[in-house]
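Reader: I am new to this structure and would be grateful for a close look at a single part of it. Could you please take me through the strands near the start of the chain and how they are paired?

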Amino acid sequence: MIQSMTGFGKASLQLSTKKITVEAKSLNSKGLDLNVRMPSVYREMELGLRNQIALALERGKVDFSVFIENTAEQTSTKVNVPIVKAYINQLREIHAEADETELMKMAIRMPDALKTERDEIDENDWVEIQTVIKEALDNILNFRQAEGLSLEKEFQLRIENIRQYMNDALALDPERVQAIKDRLQTAIAELKVNVDENRFEQELIYYLEKLDITEEKVRLTNHLDYFLETINGKEANGRKLGFITQEMGREINTMGSKSNHAQMQKLVVMMKDELEKIKEQVLNVL
């Protein structure tokens, strides 16, 4: 079963003094491009969190955010009382008759008048945060699986379209061969020379073998079957599917170069169009 690299997951939890919200968003990428945002107090936990995300999501351009909203009445920012008093005294020395309120307004604007007390990591809070992180990762994985199911249906449709166009092209093969024979015989007749019929038949067979697309049909059929087998397997991955589409493209291109028939070439173009749509979507497969 395939998974998409595109996904979104969100989870939140309300504690007694804070609200925890975790969001995870991912898009397609060749590898894991991970961007983590979290409160500075939990920075020492970032390396472990990155490893946890990497194991869960594997690939993709991932934006992972942890938000902590303080809902308590207390605040971590406080007035630095000794500093403010020292500023007021200095200002009073400069202007003794100044109003006390004005001095207070000026002092509170001075550097270091406010101080932020650094919170220490609460182990119990981190356990709760881990629960929310796991839920958000589970949600984004479920999203990826749902997207994977949509991609799987899309791939099956495109593969069957290519198979049908290939069979339609093969159905034109007798008409194509006869047209080639007629064209060569007409060219010989216009030369008005005597031709050894046996030699002509040998050369014609050699020429037609050069234009035969039976081997390409067999190989392309195998690639189509292998693609479907891969997306239905337990270890389907986008890189492998990409390699298979490259091989499919080679066989389709060879068919086009050998076809030498307008209607058959039209069908080859339609096969290429379906293959390009597959390639675009394979980029989203994990």
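Author: A definition is needed before the pairing can be described: two strands count as paired if DSSP finds at least two bridges between them. The model discussed here is a predicted one.

The central element of this account is strand β2, which covers residues 18-27. Strand β1, made up of residues 7-14, runs antiparallel to β2, and eight bridges join the two. Since the cut-off is at least two bridges, β1 and β2 therefore count as a pair, with eight bridges between them. The link between β1 and β2 along the chain is a hairpin of three residues. Within this pairing, Ser-12 has Thr-21 of β2 standing opposite.

Strand β2 also has bridges to strand β4, which spans residues 60-70. Here, too, the direction is antiparallel, and ten bridges join β2 to β4. The cut-off of at least two bridges is therefore met by this pair as well. One of the bridge partnerships involves Lys-19, whose partner in β4 is Glu-69.

Taken together, strand β2 is joined to β1 by eight bridges and to β4 by ten. A general point may help when viewing these strands: in a regular strand, side chains alternate between the two faces of the sheet.

Beyond the strands, a surface feature may also be noted. Val-79, Val-81 and Ile-108 form a nonpolar patch with about 210 Å² of accessible area together. Of these residues, Val-81 lies in helix α2, residues 81-94. Val-81 has a relative accessible area of 41% and is therefore classed as partly exposed.

Methods: Residues numbered from 1 in each chain as written. Predicted model: local features only at pLDDT ≥ 70, side-chain atom pairs only at ≥ 80, totals over all residues. Heavy atoms only, no water. Helix = DSSP H or I, 4+ residues; strand = E, 2+ residues; numbered from the N terminus. Patch = residues over 30% accessible without salt bridge, like charges linked within 9 Å, V, L, I, M, F, W, Y side chains within 5 Å. Areas by Shrake-Rupley, 256 points an atom, 1.4 Å probe, with all protein chains shown as cover. Salt bridge = Lys/Arg side-chain N within 4 Å of Asp/Glu carboxyl O. Buried < 20%, exposed > 50% of the residue type's maximum accessible area, 1.4 Å probe, protein only.
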